Amino acid sequence: MNRTTLAICAFFGLALVLYWQVQVKRNQMALIKDPRIERPDFVADNLRTTEFNKLGFIDSKVSAEHMEHFTSTNTTSFTAPVLLLYPENGKAQWQITAKNATLAQHSNEVSLHNDVVIDAIDIEEPLQSLETQQVTFNLNTMIGRSEESVTIKGNGFIIQGLGLFADLNAEQITLLSQVEGTYEPH
């Protein structure tokens, strides 16, 4: 072999070794997780759960298409949740649906977002449904709050307003401002 052939072989061999090192380094970088992206500690699909209080009575029931729990923040996010709330008297009176929800377990508050609908389970209830884009409920006190536009539909009336304060145990709902309504007697 002459020197030219030897130099060409050495050059291609060096190029191959350098290419191999770059590929190994690239694969190692791909395995490193980005610490800014939080990954759930566990997930569930088609979730159904029932929570009981200290006396053994049902406190709430939750179902959802998808759930993710994050231990680092002690929060749980839900997709398409359906929440049945049981106030102090132990009977389910309200069914809450939304596109998304987040439960902060340290404060036991659930925040529902996007097309939130609160329906009365009893058809004799004067207030039949409430619609808004966001509402937060404290599951300990059964008090809900919203700063969004709210529409309340009942037997013969429709009321709209901005902002909401709801005490489900006392069965009181207050619209905070810009309240307008129509009433149609039967």
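This note walks through the pocket, the cavities, the salt bridges and three polar side chains of a predicted model.

1. The largest pocket is a reasonable place to begin, and its volume comes to about 290 Å³. Its lining is made up of 17 residues, and those that lie nearest the centre are Thr49, Glu51, Val62, Phe78 and Leu103. By class, 10 of the lining residues are nonpolar, 5 are polar and 2 are charged.

2. Which strands supply at least two residues each to the lining of the largest pocket? They are β1 (42-52), β2 (58-70), β6 (100-104) and β7 (109-120). The largest share belongs to β1, which gives 4 residues to this lining.

3. Apart from the pocket, the structure holds 2 cavities of 30 Å³ or more. The largest cavity has a volume of about 40 Å³, and the residues that line it are Trp94, Ile118, Leu130, Phe137, Leu164, Ala166, Leu168 and Ile173. Two elements, β8 and β10 (157-167), give two or more residues to the lining of this cavity. The class count for the largest cavity is 8 nonpolar residues, with no polar and no charged ones.

4. The second largest cavity encloses about 30 Å³ of space. Glu51, Asp59, Ser60, Asn108, Leu139 and Met142 form its lining, and by class this set divides into 2 nonpolar, 2 polar and 2 charged residues. A reader following Glu51 through the model will meet this residue in the lining of the second largest cavity and also among the residues nearest the centre of the largest pocket.

5. How many salt bridges does the structure hold? There are 2, and one of them is formed by the side chains of Lys99 and Asp115, with a distance of 3.1 Å from N to O. Lys99 is placed in the loop between β5 (94-97) and β6, whereas Asp115 belongs to strand β7, so this pair ties together parts that are 16 residues apart in sequence. Lys99 is partly exposed, at 49% relative accessibility, and Asp115 is likewise classed as partly exposed, with a relative accessible area of 39%.

6. A salt bridge also joins the side chains of Glu131 and Lys153, where the distance from N to O is 3.6 Å. Because Glu131 sits in strand β8 (residues 127-138) and Lys153 in strand β9 (residues 143-154), the pair ties together parts that are 22 residues apart in sequence. The relative accessible area of Glu131 is 32%, which makes this residue partly exposed, and Lys153, at 34% relative accessibility, counts as partly exposed as well.

7. Strand β8 also contains Thr132, and here the setting of the side chain deserves attention. Is Thr132 buried or exposed? Thr132 counts as buried, with a relative accessibility of 4%. A polar atom of the Thr132 side chain lies 2.9 Å from the backbone oxygen of Ser149. When neighbours within four places in sequence are left aside, Thr132 is in contact with Asp115, Val116, Ser146, Glu148, Ser149 and Val150. Asp115 in this list is the residue whose side chain meets that of Lys99 in a salt bridge.

8. Asn138 is another residue of strand β8, and its relative accessible area of 16% places it among buried residues, for which the cut-off is under 20%. What lies 3.1 Å from a polar atom of the Asn138 side chain? The backbone nitrogen of Thr141 is found at that distance. Leaving aside neighbours within four places in sequence, the contacts of Asn138 are Ser107, Asn108, Glu109 and Ile143. Of these contacts, Asn108 is also one of the residues that line the second largest cavity.

9. The last point concerns Thr73, which is located in the loop between β2 and β3 (75-79). With a relative accessibility of 38%, Thr73 counts as partly exposed. The side chain of Thr73 is joined to that of Thr75 by a polar contact of 2.8 Å. Thr73 and Ile173 are 100 residues apart along the chain, and their C-alpha atoms are separated by 31 Å. Ile173 itself has already appeared above, as one of the residues in the lining of the largest cavity.

How values were computed: Residues numbered from 1 in each chain as written. Predicted model: local features only at pLDDT ≥ 70, side-chain atom pairs only at ≥ 80, totals over all residues. Heavy atoms only, no water. 1 Å grid on protein atoms, 1.4 Å probe; cavity = no way out; pocket = protein on both sides within 12 Å on 5 of 7 lines; lining within 4 Å. Points joined across faces, edges and corners; volume = space filled by probe spheres on them. Nonpolar A, V, L, I, M, F, W, Y, C, P; charged D, E, K, R; others polar. Salt bridge = Lys/Arg side-chain N within 4 Å of Asp/Glu carboxyl O. Buried < 20%, exposed > 50% of the residue type's maximum accessible area, 1.4 Å probe, protein only. Polar contact = N/O pair within 3.5 Å; in protein donor to acceptor, adjacent residues only side chain to side chain. Contact = heavy atoms within 4.5 Å.
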